[in-house]
Amino acid sequence: MGIKEKLHQLKLKYQGKKMAPAFNALHTFLYTPNETTHSGGHVRAADDLKRTMNTVIMALIPCLLFGIFNAGYQHYSAINGFPADFSVMEHFITWDNFWLGAITVLPLVIVSYGVGLIIEFIFAVIKGHEVEEGYLVTGMLVPLIVPIDTPLWMLAVAVAFGVIIGKEVFGGTGMNILNPALTIRAFLFFAYPTWMSGDKVWVHGAKEGLTKAGSTDAISGETILGYLAQGNTSDFTYSLSDMFFGFIPGSVGETSTFLILLGGLFLVFSKIASWRIMLSAVLGALAMGLIFNGIVEFGWIPEYSKFYGLMQFDFWKHLIVGGLAFGIVYMATDPVTGSQTNRGKWIYGFLIGFLSVMIRVFNPGYPEGVFLAILLMNVFAPTIDHYVIRGNVRRRMKRLKNATILPKISDGKAKELKVETV
Amino acid sequence: MALLSKKDANLILDPLADNNPITIQVLGICSALAITAELKASVVMAISVIFVLGIGNVVISLLRNVIPSKIRIIVQLIVVATLVIIVDQVLKAFAYELSKTLSVFVGLIITNCIIMGRFEAFALGNGPWKAFLDGIGNALGYGVILIIVGFFRELLGSGTLFGIPVLGDPIAKTGLYAIGYENNGFMIIPPAALIVVGIIIWVQRSRNKALIEEA
């Protein structure tokens with residue numbers, strides 16, 4: 001007798017008991033339940049919620065692996081200096097990097113999943129509904145968007161807050177207004193700002209005052225945006241390809257624009273995420289970047305202004321630094337919290353990109369704004385949809401009014417036509 | 001021996017729980033968000049509102065038959081403004097530091113919806129003794145929530161209660177701070193009060209299902 005039958009027998013035994021939802025969750029996670037329809041005229045598709053979530057996780061795995069190697073690479077490079085002739089195989093994909101990354105990143109993943117799933121199970125048992133798969137993606141996103149040295153208890157508190165206040169109080173998966181992963185990130189940012197911003201949190205060990213090899217200088221790992229926000233204009237230690245491929249400091253899994261791009265294409269072609277949101281968000285970010293570049297070009301802002309450094313940053317480079325790409329591909333496209341209508345998706349995405357770059361430049365405390373922009377637009381998404389639908393209704397009403405409708409001969413008198421909406 | 005008849009007792013007890021001005025009627029939220037970052041400020045605010053609403057309700061109730069209904073709002077404003085100015089002056093004289101923390105929010109008791117609400121809904125139609133009990137009850141209901149919110153926000157946000165450190169010293173790293181605990185900066189900012197009030201409402205409604213409106 002295989003595991004499947006055993007689980008099925010156990011399931012029958014637990015039916016109607018209080019713990020049934022918790023058990024069923026495990027069962028459906030491992031196997032297709034026996035109760036699925038096998039015959040008859042039903043639409044059957046493989047892409048249920050569980051598969052959708054797993055597809056997104058598959059798209060996130062490269063970012064996670066890259067984050068693990070990058071954690072080690074940034075740590076050792078900060079201590080020993082960046083290698084002069086950088087080669088990926090020699091300096092990046094090494095056991096040392098992997099080992100250090102694994103022992104710092106994997107605990108984040110475990111805490112994120114552990115706390116989140118425990119809360120999901122508790123709520124499912126209390127409310128007597130089935131455990132929803134919504135947390136599978138959130139649990140993977142969270143470790144990728146926090147700084148590497150985030151204390152685990154902080155992460156646990158934030159996950160509990162995000163899952164309960166961000167999702168469960170609204171009724172669980174599919175009912176939440178705000179993206180839970182971003183709620184968790186925002187909570188961490190407002191609750192523990194010293195752990196979430198500055199130049200000491202992006203490289204493992206920097207916060208504890210680790211020093212460079214052979215000197216007493218403390219290591220620091222400023223992000224490119226942080227460096228620009230200080231009013232500096234150029235002379236990065238990082239080249240363009242570093243930025244694009246992600247060999248830069250930043251939150252765990254958001255640095256590699258290249259892998260995010262691949263993940264995004266995978267999600268678009270598997271029809272999980274909306275290409276409209278991604279494309280319009282990129283356009284929005286470019287538009288805002290161009291406006292800022294224009295302001296600098298026309299000399300409307302003096303060089304000593306504290307916004308000068310970020311404003312003169314080439315508009316297209318905004319896409320390859322910071323969390324913008326990650327946010328656009330994996331967070332803005334969340335089907336629950338985003339706009340549902342096609343026209344709405346264009347507006348929603350465009351504003352996310354536009355506001356992200358704006359907040360990034362004008363935020364005095366922390367030169368990044370993607371999570372704030374997406375959370376704000378999450379709140380506005382239903383309003384956007386509402387006006388898109390009303391506009392559609394109005395257009396069709398107008399068309400109906402102008403149309404000449406010939407009465408059917410059989411009716412004698414034409415019935416009064418009603419507009420079918422939505 | 002019952003000090004109050006059952007009906008009178010309900011005037012005080014109802015607003016404490018099942019008809020709480022903040023969690024059920026959702027009135028007076030602005031001050032609940034603004035001044036609850038410290039427990040001390042919450043307590044003083046609660047006492048001020050008890051004073052203003054208790055006396056104000058009696059005054060309005062005594063005047064209820066002589067106030068022309070067309071100008072009753074103006075009369076109510078004058079009564080509440082007078083009382084608030086008294087509170088404000090007393091605070092400035094005896095607790096200057098605290099009155100600075102509370103800043104405009106003492107003055108804004110005038111616009112607190114709970115006060116005008118009780119004047120309109122209760123004091124204009126009931127005798128002075130009942131109006132007094134109702135005023136005290138509603139102000140207590142308001143104060144209880146303020147103090148609960150203030151307690152959690154100060155404890156989690158600053159690690160103190162009434163300004164006294166209870167979790168250890170965050171700079172010298174003693175007590176809880178020695179094992180890596182840190183104050184939660186989110187609790188200091190007003191949106192946190194909204195969430196704490198929301199959680200209180202949640203707890204209250206899950207204990208008493210009768211409070212849940214039909215969808």
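**Two loops, a helix pair and a long-range fold**

K271 of chain A is exposed, as 11 other C-beta atoms lie within 10 Å, where exposed means 12 or fewer such atoms around a residue's own C-beta, buried means 20 or more, and partly exposed covers what is in between, with C-beta atoms placed from the backbone. Please keep in mind that this is a predicted model, in which local features need pLDDT of at least 70 and side-chain atom pairs count only at pLDDT 80 or more, while totals for chains, interfaces and linings use all residues. Residues are numbered from 1 along each chain as its sequence is written, and chains are lettered from A, and ligands numbered from 1, in the order in which they are written.

To stay with K271(A) for a moment, this residue is not a glycine, and yet its phi is positive, at about 60°. It sits in the loop between α12 (257–269) and α13 (275–297) of chain A; helices here are DSSP runs of H or I with at least four residues, strands are runs of E with at least two, and both are numbered from the N terminus.

Chain B offers a second case, F162(B), which is likewise not a glycine and has a positive phi near 55°. This residue lies in the loop between β1 (160–161) and β2 (164–165) of chain B, and F162(B) is exposed, with 12 other C-beta atoms within 10 Å. Helix α8(B) is followed by G159(B), with a positive phi near 75°.

Turning to chain A as a whole, we find 17 helices and 0 strands, and 42% of its 422 residues count as buried. Of the contacts in chain A between residues at least 6 apart in sequence, 74% join residues at least 24 apart, a contact being two residues whose C-beta atoms, placed from the backbone, lie within 7 Å.

How do α5 (residues 95–127) and α6 (residues 135–144) of chain A cross, and at what angle? Their axes come within 8 Å and cross at roughly 150°, and the two helices are therefore roughly antiparallel to each other, a term that applies to angles over 145 degrees. The contact is made by residues including V105(A), L108(A) and E120(A) of α5(A), and Y135(A), T138(A) and P143(A) of α6(A). By class, there are 8 nonpolar, 4 polar and 1 charged residues in this contact, where Ala, Val, Leu, Ile, Met, Phe, Trp, Tyr, Cys and Pro count as nonpolar, Asp, Glu, Lys and Arg as charged, and the others, Gly among them, as polar.

Key:
Axes fitted to C-alpha atoms, helices over the stretch in contact; angles between N-to-C directions. Parallel < 35°, antiparallel > 145°, perpendicular 65-115°, else oblique.
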